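Please open the structure in a viewer and keep the sequence at hand. The stops below proceed by selection, each followed by a description of what is found there.

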Amino acid sequence: LVLTTASALLQRVPPLAALKSSVLHLRQGGSFSRDRLTEFLQAAGYRRVGKAVEPGEYALRGSIVDIVPPGLSGGVRLDFFGEELE
């Protein structure tokens, strides 16, 4: 049994493939190119800034990448040693 409104039923949603391509999985000790990460962030609509403080911003400083994703109370800091995520 599904209880909904007509407008909600007719609302279009993105295809599953589009949602899957907008997710990036990183893990500590994993290898990942910073260039690939910045390309992903740009494609996802993030803006590169000097200091990331607002949702949707990211900043690069040496081996550190700061990202402020929407929906989190704070930012995320990624520290790379070459292409390895520390």
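Which residue caps the N-terminal end of H3? Select Ser33 together with Asp35: a side-chain oxygen of Ser33 lies 3.2 Å from the backbone nitrogen of Asp35, and Ser33 thereby caps this end of the helix. Please bear in mind throughout that the model is a predicted one.

**The whole chain**

Display the chain as a cartoon. Three helices and five strands are present, and their order along the sequence is α-α-α-β-β-β-β-β. The radius of gyration is 17 Å, well over the 12 Å that the globule rule gives for 86 residues, so the chain is more spread out than a compact globule. Along its principal axes, the C-alpha trace spans about 50 × 25 × 20 Å.

Switch to a surface view next. The chain exposes about 6700 Å², and carbon and sulfur atoms supply 55% of that area. Of the 86 residues, 23% count as buried. Among contacts with a separation of 6 or more, 27% are made by residues 24 or more positions apart.

**Helix H3**

Return to the cartoon and select residues 34-43, which form helix H3. Show the side chains of Leu37, Thr38 and Leu41, the buried residues of this helix. These residues lie on the same side of H3 because they cover an arc of only 95 degrees around the axis. Which strands does this buried side meet? Adding E2, E3 and E4 to the selection gives the answer, as the buried residues of H3 pack against these strands.

Now rotate the view to the face of H3 turned away from the buried side. The exposed residues Asp35, Glu39 and Ala43 are carried there. Asp35 therefore appears in two roles: its side chain belongs to an exposed residue of that face, and its backbone nitrogen is the partner of Ser33 in the cap. Just after H3, select Gly45, which takes a positive phi of about 95 degrees.

**The salt bridge between E1 and E2**

The structure holds three salt bridges. Begin with Glu57 and Arg47, whose side chains meet at 2.7 Å, N to O. This pair links distant parts of the chain, with Glu57 in strand E2 (residues 57-61) and Arg47 in strand E1 (residues 47-48), 10 residues apart. Are the two partners buried or exposed? Glu57 is buried, with a relative accessible area of 6%, while Arg47 counts as partly exposed at 48% relative accessibility.

**The network around Asp66**

Select Asp66 and Arg61 next. Their side chains form a salt bridge with an N to O distance of 3.0 Å. Asp66 is buried, at a relative accessible area of 10%, and Arg61 is partly exposed, at 38%.

Keep Asp66 displayed and add Arg77. The side chains of Asp66 and Arg77 also meet in a salt bridge, at 2.7 Å, N to O. This pair again links distant parts of the chain: Asp66 belongs to strand E3 (residues 64-68) and Arg77 to strand E4 (residues 76-81), 11 residues apart. Which residues do the shared partners join? With all three side chains on display, the salt bridges are seen to connect Arg61, Asp66 and Arg77 into one network.

For a final view, show this network together with H3. Strands E3 and E4, which hold Asp66 and Arg77 respectively, are among the strands against which the buried residues of H3 pack.

How values were computed: Residues numbered from 1 in each chain as written. Predicted model: local features only at pLDDT ≥ 70, side-chain atom pairs only at ≥ 80, totals over all residues. Heavy atoms only, no water. Salt bridge = Lys/Arg side-chain N within 4 Å of Asp/Glu carboxyl O. Helix = DSSP H or I, 4+ residues; strand = E, 2+ residues; numbered from the N terminus. Buried < 20%, exposed > 50% of the residue type's maximum accessible area, 1.4 Å probe, protein only. Arc of directions from axis to C-beta. Contact = heavy atoms within 4.5 Å. Polar contact = N/O pair within 3.5 Å; in protein donor to acceptor, adjacent residues only side chain to side chain. Rg over C-alpha atoms; globule rule 2.2 N^0.38 Å. Areas by Shrake-Rupley, 256 points an atom, 1.4 Å probe, with all protein chains shown as cover.
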